[in-house]
Amino acid sequence: MPQFAIIGAGMAGLGAAHRFYQEGFEATIYEKNSHPGGHAATFVKDGFTFDDGPHISFTKNKRLQSLFAQSVGYAYERVKASTNNYWRGYWIKHPAQCNLYGLPTDLVVEILTDFIQRDGNAKISNYQDWLHASFGKTFADTFPMQYTRKFHTTEAAKMDINWLGPRLYQPDLQEILRGALSPSTPDVHYVDHFRYPSQGGFIAFLKLFLEDARIELDREITQIDLRQKSMTFANGKQTHFDHLISSAPLPELISLIKDPPAAVQQAAARLACSSCVLVNVGIDRSDISNAQWTYFYDDDYIFTRLSFPHMLSPHNVPQGAGSIQAEIYYSKKYKPMDRRPDNCIPITIQDLKRCGLVKESDRLLYSESRLVPYANVIFDLERAASLKIVHGYLDEIGIHYAGRYGQWGYHWTDESFLSGEAAAKDILSRLL
Ligand SMILES: Cc1cc2nc3c(=O)[nH]c(=O)nc-3n(C[C@H](O)[C@H](O)[C@H](O)COP(=O)(O)OP(=O)(O)OC[C@H]3O[C@@H](n4cnc5c(N)ncnc54)[C@H](O)[C@@H]3O)c2cc1C
């Protein structure tokens, strides 16, 4: 039987292994961490459960819904999504564009005037153009362009719009007016309800796949030799493969390959991705927020987004406690890290108090920081052309790539899993 090797035991690697297994083949996953799951991993300590960044499942794929449900013995929470925004002391329902009620009158008037006068047919060369054409200048400049700086770590003018999908809701004038005049508006977020395991955090959804797969942990691949069809691990040992699927981030994958062309190395170096410092906090109270997650726009707040894991499942915290996960974004290309992850903890706690979510009287039960080196692919204006060069080279040398960082896209967990499955299917279709 040919040797099928997979780099990475995240959603994509598990998707690939699952497909091989379903077709009657065995594949080996090599994972550099000492735990599986990649970004879908969960960490439990002192009774607090935190995922590697907030993770919920809102897949519409019935087969995956069913596999996730079977994994947890059908013990999952089905939660109605509730999201809000914090801007200069105002708490606004999400999405802000159709929930302007309560914002300063002058700002609302300017937003409405600009929306009515916007040039909806303007030429779109970048994300900033799209925002101005969709929402008008005042709203675009005040909310999404400011959020872009914090989340994508760069300017909207430097980004394309290939990642948008359903992410930014485009209301009509009536919806905007209604949301400016009334606090009560229909829910229009693209995530309406979501699922989350009752016990064990997000990774519990992957139990079936983890059982199917042959996974070797603590196996960091440091070199790929295409002529020998071999891979070297950090401990110097080697393994042979006939077919390889990688879910490692593309810049890292290229650096593992012996002597790639200079143009490919340069293209890989232009690919941008954010890093995320997670600050996980536990306090002795659960009534912290009404929303499961909140977007923060202000520059003087260190975090970009907060989520509340105890609202995903009550078993994510000790009884009576509440938990908060803060996301703070950096990127090598646009906003290099200016402090150690641990140094983000006191600033986060101070900012949580400043916006009123944590009170002076609350008892801090838990705090830690965690670095996610690859978080969100940045769709800057260099991405498409650079990606074409990198993917073209991998196609030429026969390395399959999958997942968020192999496809270099904005994949959710289900899409990453499906892309791993597609890579395995592609290999098998050529063999059989
Ligand atoms: C902050 C954040 C929040 C998110 N929230 C959601 C959400 O709510 N819902 C949702 O559906 N999706 C969410 N996502 C997206 C989701 O995390 C991804 O789609 C998915 O987990 C990516 O899986 P992957 O297998 O492609 O990559 P990864 O999970 O990164 O897996 C790649 C694996 O490869 C391993 N690896 C890398 N290099 C090597 C090497 N040299 N040798 C061996 N192993 C290696 C890594 O250790 C890793 O385990 C979120 C992502 C982020 C960053």
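In the predicted model, helix H1 (11-22) and helix H13 (413-431) each contribute at least two residues to the shell around the ligand. The largest share comes from H1, which gives three residues to this shell. Of the 36 residues around the ligand, those that come nearest are Gly8, Gly10, Gly38, Gly53 and Gly403. Sorted by class, the shell around the ligand comprises 15 nonpolar, 15 polar and six charged residues.

An open sheet of five strands was also identified, with parallel pairing and the strand order E9-E2-E1-E13-E19. Strand E9 (214-216) and strand E19 (400-401) occupy the edges of this sheet; each has a single partner strand, so one side of each is left without a neighbour in the sheet. Within the sheet order, E2 is followed by E1. Strand E1 (residues 4-7) and strand E2 (residues 27-30) are paired in the parallel sense, and four bridges join them. In one of these pairings, Phe4 has Ala27 in E2 as its bridge partner.

At the level of the whole chain, a division into two parts was assigned: domain 1 (4-81 + 199-268 + 381-431) and domain 2 (95-181). Domain 1 is thus composed of three listed segments, whereas domain 2 is given as one. A distance of 35 Å separates the C-alpha centres of domain 1 and domain 2. Four residues from domain 1 and six residues from domain 2 take part in the contact. On the side of domain 1 that touches domain 2, the classes are three nonpolar, no polar and one charged residues.

The packing of one helix pair was examined next. Two packed helices are described by the angle between their axes and the distance between the axes. For helix H3 (residues 105-117) and helix H7 (residues 173-181), the angle is about 175° and the axes are 11 Å apart. An angle over 145 degrees counts as roughly antiparallel, and H3 and H7 are therefore roughly antiparallel to each other. On the H3 side, the contact is made by Val108, Leu112, Phe115 and Ile116, which meet Leu173, Ile176 and Ala180 in H7. By class, this contact of H3 with H7 holds seven nonpolar residues, with no polar and no charged residues.

Technical notes: Residues numbered from 1 in each chain as written. Predicted model: local features only at pLDDT ≥ 70, side-chain atom pairs only at ≥ 80, totals over all residues. Near = placed C-beta within 6 Å. Nonpolar A, V, L, I, M, F, W, Y, C, P; charged D, E, K, R; others polar. Axes fitted to C-alpha atoms, helices over the stretch in contact; angles between N-to-C directions. Parallel < 35°, antiparallel > 145°, perpendicular 65-115°, else oblique. Contact = placed C-beta atoms within 7 Å. Pairing = 2+ DSSP bridges. Domains from an automatic or database assignment.
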